[in-house]
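Welcome, and thanks for taking a look at this one with us. Please keep the viewer open while you go through the briefing below.

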Protein chains: 2
Amino acid sequence: MEDTSATVGATRDPAMTDVARLAGVSHQTVSRVLNGHPNVREQTRLRVRAAIEELGYRPNRAARALVTGRSQLIGVVAQNSTLYGPTSLLAAFELAAAAQGFTVSVRRVRVLDRSSIAAAVEHHRDQRVAGIVVIAPTASADEALAEVPADLPLVTVDGDPKRGGALVTVDQEAGAFAATRHLLDAGHDTVWHVSGPVDWFDAAGRIRGWQKALQEADAEVPPVSPADWSAASGYRAGQMLSRMPDVTAIFAANDHLALGILRAMTERGRSVPHEVSLVGFDDVPESAYFSTPLTTVRPDFDAVATETLSLLLSRISTGDTDPAQRILTPTLIQRQSVAPPAN
Amino acid sequence: MEDTSATVGATRDPAMTDVARLAGVSHQTVSRVLNGHPNVREQTRLRVRAAIEELGYRPNRAARALVTGRSQLIGVVAQNSTLYGPTSLLAAFELAAAAQGFTVSVRRVRVLDRSSIAAAVEHHRDQRVAGIVVIAPTASADEALAEVPADLPLVTVDGDPKRGGALVTVDQEAGAFAATRHLLDAGHDTVWHVSGPVDWFDAAGRIRGWQKALQEADAEVPPVSPADWSAASGYRAGQMLSRMPDVTAIFAANDHLALGILRAMTERGRSVPHEVSLVGFDDVPESAYFSTPLTTVRPDFDAVATETLSLLLSRISTGDTDPAQRILTPTLIQRQSVAPPAN
DNA sequence: GCGTTCAGAGTGAGCGCTAACAACATGCCC
DNA sequence: GGGCATGTTGTTAGCGCTCACTCTGAACGC
């Protein structure tokens, strides 16, 4: 190939006009081919495609974004954490978005406070994203969102179902209800709960579902043991609970808490499930291999991700802004950490 | 299509000329203020800033990118997984990049094969990213990278240290050596190894470090038990090892494998650490709460992330393309899963 | 025959910005 | 005062695209 392009490296990338010249058409025709417009003769289309191929032409997105005012960019605001749920969700979302031809730009915030979230959203607006997804699992995150102008498609994940706007989340309450109900059904008089941080909607929802199941069964509602999501805090809560002989069933707000509880129980010689039954939440892949395989509740993070994307894309294309909620029900996964009470 | 936008703001976003008009200067002066050029009178600068504030003006990045040919975008290619290491790394990288004013666009690939990676890299080139980071932990990923044109700053993470190019990774060999050495020091005759998938460089490096420690100690080198990174596969490998009475020490290629092994040992009534000692790798936050708190090796993912970013940024600004490797040494975290052999 | 339609092209403007240069005032030297 | 550097600002020309046009010729109806 010793033709016109013989000059070395420093030449600029080929532009649409270069393709047009090579194909013997106008730049507009190249644009039409690229954007799949009708009214281009098949033969012309082929010539253009060949020229594109030959030059290794790639459209300049910046130029397109400049003139159209739109981009194929989706901004995501997420917390800086490696928690299983948000992580799974984000990975699934990125994959799904890529499949739809969208680029995902992720902005992590160190803490979920008003100003950090506002700044992250502002950043995405600066980038002229087509839409924004905010993983807003806490009240503070949610408040920050209330201040965000509604002129940009925005979908909240794991946010407050009671808030307006577009939202996708898991039915925490139903999951917690099922977990608690399962323990009651096994014959326990009541169920104790080690919760996540109470300013998280997920944690609050799980508390509600747990309470509801107890109340409907006329069971005593014991005090909540508050924790964060970590195994360490589960361990600490478990140390307390392990000293209380009447505790025979525990619903932990996630699997890592359950792991910590499991360890505390073992240390104190209380066998799970024979003396204490335990249910977790999330179904992390490891939970089947805990020293007692864990009965837990599995949210479908893939489904949350695809729902989020489809909701966002529909808002991007229609400009819709009215509230829309998609709430997915998790399923109970039964393993070996639940048994009837000993006596 | 109805254009009933939520807000009345049907008028277009303010542009630089609008700011200029309000401030009584030319658009070029606005540009100078925005880009921190010298040679703008303080008074003028203030007037411009006030006008920007008043109009809520935000620069159009697409226009800037179009004219400069540069963007403040970093593309990341990552695998679709929730493995602790890559996840931690990615989160830390996103945070660090944001702090430097860069936007991170993540492209997930379903499998780490040649064509997927090539497509992901192409996608980023289409976006005219300033640089690319590829998390390339397997041979196939690495091969794909060999075909990528070198005209764009690219840093590989977790790739093959023997390959040229810019690379940041953890010294797997040193970590595995330390883990194995620690078990030998405890008095074990030899150490068995449950490895990660052998096409992963991490896994291969850990195997090498383990072997080296054994060889230097003139210990027998038992066959490797191959697994993937999951607790499930660790459990399967553990079932085998638990039946072999002469197995008294195991180095697992990561903590989740160790968890599976732990469970298999427990099922068979072999106590950890009294009958079998066990060391993991990664130091996942839960590993301190396993039924036996796990002695493990901790890579500093934050450091990997910041090293990656600094290496990439330096290449972006200097245009450097010669090989550069940054290899970080992990540290051994001692807990309770290692003890002297029983007899 | 002439007008009408329409597929299949091309032309020109302009999106919002930066870079290069021009223009002008100011201060300073000799 | 002329010449010249220096600081400050304005003017102009694109970057590579899409959009709204215009233009052309063939098909078709009456």
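How many nonpolar, polar and charged residues does the surface near DNA strand C have? By class, that surface has eleven nonpolar, twelve polar and five charged residues. Please bear in mind that this is a predicted model. The notes below begin at the DNA and then turn to the sheet and to the build of chain A.

**Around DNA strand C**

- There are 28 residues around DNA strand C, and those that come nearest are Thr29(A), Arg41(A), Met16(B), Ser31(B) and Tyr57(B).
- Of the DNA strand C atoms that come within 4 Å of the protein, 62% belong to sugar and phosphate.
- Helices H2 (27-34) and H4 (61-68) of chain A, along with H2 (27-34) and H4 (61-68) of chain B, each supply at least two residues of this surface.
- H4(B) gives the most, with five residues.

**Polar contacts to DNA strand C**

- Ser26(A) places a polar side-chain atom 2.7 Å from a phosphate oxygen of DNA strand C.
- Arg41(A), one of the residues that come nearest to the strand, has a polar backbone atom 2.5 Å from a phosphate oxygen.
- For His27(A), the partner is a base oxygen of DNA strand C, which lies 3.2 Å from a polar side-chain atom of this residue.

**The twelve-stranded sheet**

- Twelve strands, drawn from chain A and chain B, form an open sheet with mixed pairing.
- If you would like to trace the sheet, its order is E11(A)-E5(A)-E4(A)-E3(A)-E1(A)-E2(A)-E2(B)-E1(B)-E3(B)-E4(B)-E5(B)-E11(B).
- At the edges are E11 (324-328) of chain A and E11 (324-328) of chain B, each of which pairs on one side only.
- From one strand to the next, the twist averages 20°.
- Within chain B, E1 (residues 73-79) and E2 (residues 103-109) run parallel and are joined by seven bridges.
- In that pair, Ile74(B) of E1(B) stands opposite Val104(B) of E2(B).

**The build of chain A**

- Chain A has twelve helices and twelve strands.
- With a radius of gyration of 27 Å, well over the 20 Å that the globule rule gives for 343 residues, chain A is more spread out than a compact globule.
- Its C-alpha trace spans about 90 × 40 × 35 Å along the principal axes.
- Chain A is divided into domain 1 (4-59), domain 2 (71-170 + 301-327) and domain 3 (172-299).
- Taken over C-alpha atoms, the centres of domain 1 and domain 3 of chain A are 62 Å apart.

Key. Residues are numbered from 1 along each chain as its sequence is written. Chains are lettered from A and ligands numbered from 1 in the order in which they are written. This is a predicted model: local features need pLDDT of at least 70, side-chain atom pairs count only at pLDDT 80 or more; totals for chains, interfaces and linings use all residues. Side-chain values use heavy atoms; hydrogens and water are left out. Two strands pair if DSSP finds at least two bridges between them. Helices (H or I, at least four residues) and strands (E, at least two) are DSSP runs, numbered from the N terminus. Axes are lines fitted to C-alpha atoms, for helices over the stretch in contact, and angles run from 0 to 180 degrees between N-to-C directions. Domain bounds come from an automatic or database domain assignment. A residue is near a molecule or strand if one of its heavy atoms lies within 4 Å of it. A polar contact is a pair of N or O atoms within 3.5 Å; within protein, one must be able to donate a hydrogen and the other to accept it, and residues adjacent in sequence count only if both atoms are side-chain atoms. Ala, Val, Leu, Ile, Met, Phe, Trp, Tyr, Cys and Pro count as nonpolar, Asp, Glu, Lys and Arg as charged, and the others, Gly among them, as polar. The radius of gyration is taken over C-alpha atoms; the globule rule is 2.2 Å times the number of residues to the power 0.38.
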